[in-house]
Amino acid sequence: MFKWQEAYSCNIKEIDMQHQKLFELGRKLNELISLQDEFDHYDEIMNILTQLKEYTIYHFGYEEKLMDKYQFDGLQKHQKEHIAFVDQLSVFFKKNIDENQRKVEMDMILFIANWIEKHILQTDHAYKGYLNLKGVF
Ligand SMILES: [Fe+2]
Ligand SMILES: [Fe+2]
């Protein structure tokens, strides 16, 4: 799970590197879940969630600036999806994480998996050809 494959590539080096960071966070979560111990993992969960939040803001900003710079038509539609992910992410911080650690871990896994399948493979890939034609690799 969360193994990087060539099919995920946007053919833009910096974007691929950033996307790989999301896979890495997914793998960290997976490791945490597979521990199946009775220890408290609140700190680890918060650590991953905070990294995910920082990553999300940085990555979405980077992509939006790039699309804007090259006047990509689909920017507005793309941006809407970004906003929806940020909204979803902020819901996590409102949950009672400490009391529902397992559930939060599973929800975060689903959140990242959905992001990869629905957003990277579809929405991000929509700018791939356009930006490549503009000489962005
Ligand atoms: Fe992306
Ligand atoms: Fe995106």
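Here, "buried" means a relative accessible area under 20%. By that yardstick His 78 is buried, because its relative accessible area is 2%. This is a predicted model, so read what follows as a description of that model.

**The two irons**

His 78 is a good way into the metal site. It is one of the protein donors of the iron ion (ligand 2), binding through NE2. Its partners there are Glu 63 (OE), His 82 (NE2), His 119 (NE2) and Asp 124 (OD), and the distances run from 2.0 to 2.3 Å. The other metal, the iron ion (ligand 1), is held by His 19 (NE2), His 59 (NE2), Glu 63 (OE) and Asp 124 (OD) at 2.1 to 2.2 Å.

| Metal | Donor distances | Donor spacing in sequence |
|---|---|---|
| iron ion (ligand 1) | 2.1 to 2.2 Å | H-x39-H-x3-E-x60-D |
| iron ion (ligand 2) | 2.0 to 2.3 Å | E-x14-H-x3-H-x36-H-x4-D |

How far apart are the iron ion (ligand 1) and the iron ion (ligand 2) that Glu 63 bridges? They lie 3.5 Å apart.

Why is the arrangement around the iron ion (ligand 1) called irregular? Its 4 donor atoms subtend angles of 84 to 173 degrees. Four donors count as tetrahedral if all angles lie between 85 and 135 degrees, so that range makes the arrangement irregular.

**Where the donors sit**

His 59 and Glu 63 share helix α2 (residues 42-69), where they are 4 residues apart, about one turn of the helix. His 59 is buried, with a relative accessible area of 0%, and Glu 63 counts as buried too, at 1%. Both His 119 and Asp 124 are buried as well.

His 78 belongs to helix α3. Setting aside neighbours within four places in sequence, His 78 is in contact with Glu 63, Met 67, His 119, Thr 123, Asp 124 and Tyr 127.

**α3 against α4**

The axes of α3 and α4 come within 11 Å and cross at roughly 175 degrees. The two helices are therefore roughly antiparallel to each other. Residues of α3 that meet α4 include His 78, His 82, Phe 85 and Leu 89; on the α4 side, Met 108, Phe 111, Trp 115, His 119 and Asp 124 are among them.

**The nonpolar cores**

In soluble globular proteins, nonpolar side chains tend to be buried together. In this model, the largest nonpolar core has 27 residues, and those touching the most other members are Leu 22, Leu 52, Met 108, Phe 111, Ile 112, Trp 115 and Ile 116. At least two residues of this core come from each of α1 (13-34), α2, α3 (75-94) and α4 (101-133). Helix α4 gives the most, with 8 residues.

Take Ile 116 as a close-up. Beyond its neighbours within four places in sequence, Ile 116 is in contact with Phe 2, Tyr 8, Leu 22, Phe 23 and Leu 121. There's also a second, separate core of 10 residues, which includes Ile 12, Phe 72, Tyr 127 and Val 136.

Ile 12 is found in the segment before α1. Is Ile 12 buried or exposed? Ile 12 is buried, with a relative accessible area of 3%. Not counting residues up to four places away in sequence, Ile 12 touches Tyr 127, Leu 131, Asn 132, Val 136 and Phe 137. From Ile 12 to Gly 74 the separation is 62 residues in sequence and 17 Å in space, C-alpha to C-alpha.

Notes:
Residues numbered from 1 in each chain as written. Chains lettered and ligands numbered in written order. Predicted model: local features only at pLDDT ≥ 70, side-chain atom pairs only at ≥ 80, totals over all residues. Heavy atoms only, no water. Donors = N, O, S within 2.8 Å, 3.2 Å for Na, K, Ca; no water. Tetrahedral: all angles 85-135°; square planar, octahedral: opposite > 155°, others 65-115°. Buried < 20%, exposed > 50% of the residue type's maximum accessible area, 1.4 Å probe, protein only. Core = buried A, V, L, I, M, F, W, Y, C linked by side-chain atoms within 4.5 Å. Contact = heavy atoms within 4.5 Å. Axes fitted to C-alpha atoms, helices over the stretch in contact; angles between N-to-C directions. Parallel < 35°, antiparallel > 145°, perpendicular 65-115°, else oblique.
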